[in-house]
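Here are three short exercises to work through with the model open in your viewer. Try each one yourself before reading the solution.

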Amino acid sequence: APLLINSQNKKDSLDHYSGKFLTLTFFALQVITVFCILLNLAIQGFSPADFITDLFGTANRYLALRYSGEVQPNVFAQLGVLLNYTGVCIGGLILSSKHRTMQKLAILVLSFVPAALHMIVYADKGTLFLCASLFYGGIIISRLRKGDTALTNAATNKILIISLLILTPVLISSFLARGIDSSDTNEVKDKLIYYLSSYAFGHLYAFSDWFSNYNFDSSWQDYYHDGNLTLGFSTFMAIFRALGDVTPVPDGYYDEYFQYKEILQTNIYTIYRGLIQDFGMVGALIYMAITGAVFNFAYVNILSNRSPAISVAIYICMAGYIYTSFIISIMVWNSIFALFITLSAVLTLNKRFQEKRRITNR
């Protein structure tokens with residue numbers, strides 16, 4: 001039934017994200033985000049010239065400030081993150097509405113410029129991949145509104161390949177910014193393999209080891225287990241913090257590092273460690289069933305509603321939720337809640353502009 005309703009509304013939905021409002025909003029948000037990054041760097045005592053003359057050295061000094069807790073909090077850093085996430089979601093929504101190759105390329109590149117700067121300047125890899133997942137969520141929505149329920153197709157695969165070709169050098173630059181001695185080629189190669197292995201696969205082995213220790217007391221290394229369930233703190237930490245909970249948490253959320261020889265090392269244990277700590281084994285399964293039902297409801301609403309806004313924001317945030325699950329619950333940060341609010345607001349405004357446009361055309 002939802003698909004039938006969606007096909008009946010198809011003509012009205014074809015240009016739902018092609019209006020000037022979303023396009024102008026996208027470009028404005030991404031440009032403002034870049035300025036926020038520059039202003040944050042200025043507050044920290046860096047200038048753009050520092051990164052031009054000594055990119056890796058300056059990025060490594062900024063990383064040292066982060067690890068030592070000496071980065072000065074400011075509104076521009078927080079605003080830049082929020083606007084970047086919102087902008088990249090809109091970029092995914094409007095990409096398919098553009099017919100010229102240069103327009104598509106401009107949207108694709110500008111969608112990831114702020115995230116690439118986060119990776120190179122801040123040595124923050126998570127932002128880039130989270131942005132990629134949000135961008136992809138927007139692409140799926142734009143296709144759903146045209147009656148195409150495929151998760152991927154030839155056009156998307158082409159964009160994926162182009163994105164990998166562009167972003168792979170950026171990712172390597174981020175690892176180099178962590179202090180790898182570029183004068184020794186073999187050392188650079190070994191450390192890059194070590195970092196890539198740890199980041200890409202470490203969570204699988206780390207969670208498996210923790211899970212074995214938690215359930216069977218048999219693991220590669222020992223872990224601390226709280227005898228009491230934490231009742232949502234590890235999963236919804238941002239909400240707990242907003243309500244005044246000041247329970248201390250290590251900088252990386254877990255101070256236990258799983259290491260296997262010289263192949264990989266990580267303190268990433270996936271969302272499931274937090275879920276089990278919060279609700280137990282059965283409770284974690286119930287939580288997953290509830291969240292799955294919410295996301296499924298949003299999906300059905302997108303297919304059946306003529307002009308959805310809130311459900312679209314939920315679905316795109318779901319893409320980020322799914323990506324981040326290999327690290328931790330995305331709700332340990334308040335940015336996902338802020339993104340949901342701002343994206344919902346932008347989509348609601350776009351809905352009104354589109355309705356006025358439809359009435360005018362009639």
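The exercises below use a predicted model and cover a helix, a cavity and a glutamine.

**Exercise 1.** Compare the expected span of helix α6 with the distance between its end C-alpha atoms, then look at its burial and its N-terminal end.

*Solution.* Start with the length: α6 runs over residues 75-95, which is 21 residues. The expected span is 1.5 Å times one less than the number of residues, so α6 should span 30 Å. Its end C-alpha atoms are 30 Å apart, which agrees. Next, count burial, taking buried as under 20% relative accessible area: 15 of the 21 residues qualify, so α6 is largely enclosed by the rest of the structure. Finally, check the N-terminal end, where asparagine 74 acts as the cap. One of its side-chain oxygens lies 3.1 Å from the backbone nitrogen of phenylalanine 76.

**Exercise 2.** Describe the lining of the second largest cavity.

*Solution.* First, note that the structure holds two cavities of 30 Å³ or more; the second largest has a volume of about 40 Å³. Then list its lining: Tyr85, Leu130, Leu134, Ile330, Ser335, Ile336 and Leu339. Sorted by class, that gives six nonpolar, one polar and no charged residues. Now assign helices: α8 (125-144) and α14 (335-361) each supply at least two residues, and α14 has the largest share with three.

**Exercise 3.** Where is glutamine 221 placed, and which residues is it in contact with?

*Solution.* Begin with the loop between α10 (185-216) and α11 (237-242), where glutamine 221 sits. Leaving aside neighbours within four places in sequence, its contacts are Asp209, Asn213, Tyr257, Phe258, Gln259 and Tyr269. For tyrosine 257, the backbone oxygen lies 3.0 Å from a polar atom of the glutamine 221 side chain.

How values were computed. Residues numbered from 1 in each chain as written. Predicted model: local features only at pLDDT ≥ 70, side-chain atom pairs only at ≥ 80, totals over all residues. Heavy atoms only, no water. 1 Å grid on protein atoms, 1.4 Å probe; cavity = no way out; pocket = protein on both sides within 12 Å on 5 of 7 lines; lining within 4 Å. Points joined across faces, edges and corners; volume = space filled by probe spheres on them. Helix = DSSP H or I, 4+ residues; strand = E, 2+ residues; numbered from the N terminus. Nonpolar A, V, L, I, M, F, W, Y, C, P; charged D, E, K, R; others polar. Polar contact = N/O pair within 3.5 Å; in protein donor to acceptor, adjacent residues only side chain to side chain. Contact = heavy atoms within 4.5 Å. Buried < 20%, exposed > 50% of the residue type's maximum accessible area, 1.4 Å probe, protein only.
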